[in-house]
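User: I've got a protein model open and would like to go through its core and its charged pairs. Can we take it step by step?

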Amino acid sequence: MWQRFTLSDLRTIGHYLGVLILFMAVALAVPFAVACVFQEWKPAANYLLAVGISLVLGSALRLLRIAPARLTRRQALAVTGLAWIVLAFIAAIPLFMSGHYNRFMDALFEGVSGLTTTGASLTIDLDHLSNADNTWRFMMHLLGGLGLIVVALSLGLFGKRSGASLYNSEGRSDHLVPNVVQTAQFIAKFALFFIIIATAILTVVLSLAGIEPVRAFLHSCWLSVSAFMTSGFTPMSQSVMYYHSFPLEVVLMLLMLAGSVSFTLHAELRRGRVMAFFRDLEVRTMLVWLAVVTCVLAASLSVSLSFNDLPSMLRRGVFMILSSFSTTGFQNITSNQMVGVFSSGAFIMLAVCMAVGGSAGSTAGGLKLLRMGIMAKSIVSTVKEALAPDSARVVVTYYRLGRRRVSPDIVKEAMTVFVLYVSTYTIGALVGIAHGYDAIQAIFESVSMASNGGLTSGIVAPDMPLSLEVFYIFEMWAGRLEFVTLIAIVVELVVSVVPDSLRHRAAARGGDR
């Protein structure tokens, strides 16, 4: 069943990784230009060096195969899975050279967090980070939120021959228009439209709040990218609290909600199919889920002395619900308030919201609402089958761009990913507990990392143990790939390394059983 990666496979994989690294060089030119505009010469030198490294490494990998054939599914999975780590190493180079990270691993953590749109940060003295470095952090969010492959496809870097296999390997199956490249372009253009409109609105809001126009524009652009990409980085260490602006929080909430809705459903609204949008299983699951968690959180906050009045409950509670549900990670309360002032029920509710996440095909992380809806439909199907006569044939359907049947294969896929996520949440919590952290905080942090949620209870910090930091990097990577791609890569690599004699012996033992 499983085959080795041949030398030809590795050369093809290297070629496509080289294309992505060369594209990274183009992306690095953006913060370089910002550094030149603001006369930040040390950051400019850092980004120029990173551009040079990317050009040399990318060109060398591309030369491994001048004219690659169409990518197979195995090769596409390897390219997609490895790209998130390889590009994170490139992204970490200028960040580490900024002097705002204790060690290179902290900068790598920041790179993985940025590209996977987790939003957890290990930056030291974030408030005084250069404009160039901040621009790069949010560029990573933009690239990672849209999807590295989607961005590359939208620019025509891979062409049409290998586009479909790469697009599907990133966990996407939504084809908004017949052509994969055009679908990627639609996603990129749609996201940029939201970001541009939000940037204009927030620039006005922050300017009226007394922030100088240029700084207001930069912060507005960065926050808009982070909100719609459901990412979580902010240019200030106090997150959204720094601005003390209710209008800004309202705009960010709308952006987070829009970012957590599938691009497929956005396309339905754009075509005027409003009823199809509200009939969708994922939308109905979202509305029910948000209503339930809001009521539970309100009940939990009612026992808190700091947030039991209605205005505070609405402003803090609703914002934190949307931030955790969309896996953005913005905070309008401090981590100490979240751990110490929030009731334990409200604290756990935020973790549950991150664990579930937003819509499939959106920029949000987590289990995804579509899978939760399908599992709920599966329970309904099981109950109906138990109550129906033996001769009856039970069929349960759901609406997703047309009427679909809840088939065993769909339920199997949803349950498999559910088990993998829950297992990772649990293992991550045990790793945190083993490092001496409180159990509830360890659970919260593990869920935040694996769901790419970004909210932190205080464990993620520059002085965190190196071994825990490495495991959290793995969780962010695995959660972004939704495990299937990651497991496929690991199996392929193991099979490629294990000698043939051992493989044949294991296969023979399996056949004897």
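Here come a few questions and answers on this predicted model.

User: Which helix gives the largest share of the largest nonpolar core?

Analyst: That core has 127 residues, and Phe109, Leu115, Trp136, Leu248, Leu252 and Tyr472 are the ones touching the most other members. Looking at where the residues come from, the largest share is eleven, and they sit in residues 7-37. That stretch is helix 1.

User: Is Glu469 buried or exposed?

Analyst: Let's start with its partner: Glu469 makes a salt bridge with Arg103, with the closest N and O atoms 2.7 Å apart. The two are 366 residues apart in the chain, with Glu469 in helix 20 and Arg103 in the loop between helix 3 and helix 4. Arg103 is partly exposed at 28% relative accessibility. Glu469 has 0% relative accessibility, so it counts as buried.

User: Where in the chain is Glu413, the partner of Arg371?

Analyst: The side chains of Arg371 and Glu413 form a salt bridge, 3.4 Å from N to O. Arg371 is buried at 11% relative accessible area, while Glu413 is partly exposed at 38%. Arg371 belongs to helix 17, and 42 residues away from it Glu413 lies in helix 18 (residues 408-434).

User: What is the relative accessible area of Arg273?

Analyst: Arg273 pairs up with Glu268 in a salt bridge of 3.2 Å, N to O. Glu268 counts as buried, because its relative accessibility is 6%. Arg273 is partly exposed, and its value is 44%.

Note on methods: Residues numbered from 1 in each chain as written. Predicted model: local features only at pLDDT ≥ 70, side-chain atom pairs only at ≥ 80, totals over all residues. Heavy atoms only, no water. Core = buried A, V, L, I, M, F, W, Y, C linked by side-chain atoms within 4.5 Å. Buried < 20%, exposed > 50% of the residue type's maximum accessible area, 1.4 Å probe, protein only. Helix = DSSP H or I, 4+ residues; strand = E, 2+ residues; numbered from the N terminus. Salt bridge = Lys/Arg side-chain N within 4 Å of Asp/Glu carboxyl O.
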